[in-house]
Amino acid sequence: MCSLPMARYYIIKDADQRALCMRDGQLLVGDSTADNCCAEKVCILPNRGLDRAKVPILLGVQGGSCCLACVETGEGPSLKLEDVNIEDLYKGGEETTRFTFFQSSSGSAFRLEAAAWPGWFLCGPAEPQQPVQLTKESEPSARTKFYFEQSR
C-alpha cells in the first residue's frame, strides 16, 4: 500500500456505476452482477511537476505498485499498466507525464485527460468486462465521465 500521507484511495465508477477492476493484468470496467470482478482501490497522488491548476494526478493500482500509463502505438495513444511504484513517480524519479491525467470536473463526475496526449480522455467501454481505453474527444460524453468514491 502507498504510505504517503497525501495518498487517497478511491473506487472509480463509470456513468453506469460499474467499478474499475483488475483482471489478468488489465484495468476493466466491471459488471456489477459478475462475481469475478472486484472493485479496485485506485491510489491517487498529485503530480507536483506539472501545472497544479490543471489538477494533474497519478493513478496507481494494486496498492500503488502498478500505474496507468499512456503509451504510443502506431495508431495513437493507448493505455497500459506498468510495474512502477506510484511513490517513485510522486517523488519525480522517472518521466511522469505519460503517467499523468488532468482531472476536470463535469458536474459530480470527473474527466481524466492524458497529460501526454491533449484531447485524449480515459474512456469506459460500452460493454462490461472490457478494458478502459483512451478516446479523442472534444465534448464530454457519458463514457468519459467517472465518479470517485473515497475508500480506505
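The following exercises, with worked solutions, concern a predicted model.

**Exercise 1. Strand S1 and Asp14**

Task: Determine whether Asp14 is buried or exposed, and list its contacts beyond four places in sequence.

Solution:
- Step 1. Locate the residue: Asp14 belongs to strand S1, which spans residues 8-14.
- Step 2. Take the relative accessibility of Asp14, which is 4%. The cut-off for buried is under 20%, so Asp14 counts as buried.
- Step 3. Set aside neighbours within four places in sequence; Asp14 is then in contact with Val29, Lys145, Phe146 and Tyr147.
- Step 4. Inspect the side chain of Asp14: one of its polar atoms lies 3.0 Å from the backbone nitrogen of Asp16.

**Exercise 2. Strands S6 and S7**

Task: Describe how strand S6 is joined to S7, and state how many residues of S7 are buried.

Solution:
- Step 1. Set the limits: S6 covers residues 66-73, and S7 covers residues 76-82.
- Step 2. Read the pairing: the two strands run antiparallel and are joined by seven bridges.
- Step 3. Check one position in the pairing: Pro77 in S7 has Glu72 opposite.
- Step 4. Examine the connection: two residues lie between S6 and S7, which form a hairpin.
- Step 5. Turn to burial: five of the seven residues of S7 are buried, leaving the strand mostly covered.

**Exercise 3. Cys66 and Cys67**

Task: Establish how many disulfides the structure holds, then classify Cys66 and Cys67 by accessibility.

Solution:
- Step 1. Recall the bond in question: a disulfide covalently links the sulfur atoms of two cysteines.
- Step 2. Count them: the structure has zero disulfides.
- Step 3. Take Cys66, which is in no disulfide; its nearest cysteine sulfur belongs to Cys67, 6.9 Å away. The cut-off for a disulfide is within 2.5 Å.
- Step 4. Repeat for Cys67: this residue is also in no disulfide, with the sulfur of Cys66 as the nearest cysteine sulfur at 6.9 Å.
- Step 5. Classify both: Cys66 has a relative accessible area of 4% and is therefore buried, and Cys67, at 1% relative accessibility, counts as buried.

**Exercise 4. Internal space**

Task: State how many cavities of 30 Å³ or more the structure contains, and give the volume and lining of the largest cavity.

Solution:
- Step 1. Search the whole structure: one cavity of 30 Å³ or more is found.
- Step 2. Give the volume: for the largest cavity, about 50 Å³.
- Step 3. List the lining of the largest cavity: Ile12, Leu20, Leu27, Val42, Leu59, Val61, Leu68 and Leu122.

How values were computed. Residues are numbered from 1 along each chain as its sequence is written. This is a predicted model: local features need pLDDT of at least 70, side-chain atom pairs count only at pLDDT 80 or more; totals for chains, interfaces and linings use all residues. Side-chain values use heavy atoms; hydrogens and water are left out. Helices (H or I, at least four residues) and strands (E, at least two) are DSSP runs, numbered from the N terminus. Buried means under 20% relative accessible area, exposed over 50%, partly exposed in between (1.4 Å probe, protein chains only). A polar contact is a pair of N or O atoms within 3.5 Å; within protein, one must be able to donate a hydrogen and the other to accept it, and residues adjacent in sequence count only if both atoms are side-chain atoms. Contact means heavy atoms within 4.5 Å. Two strands pair if DSSP finds at least two bridges between them. On a 1 Å grid over the protein atoms alone, a cavity is a set of points where a 1.4 Å probe fits but cannot get out, and a pocket is an open set with protein on both sides within 12 Å along at least five of seven lines; lining residues have an atom within 4 Å of a point. Grid points are joined across faces, edges and corners, and a volume is the space filled by probe spheres set on the points.
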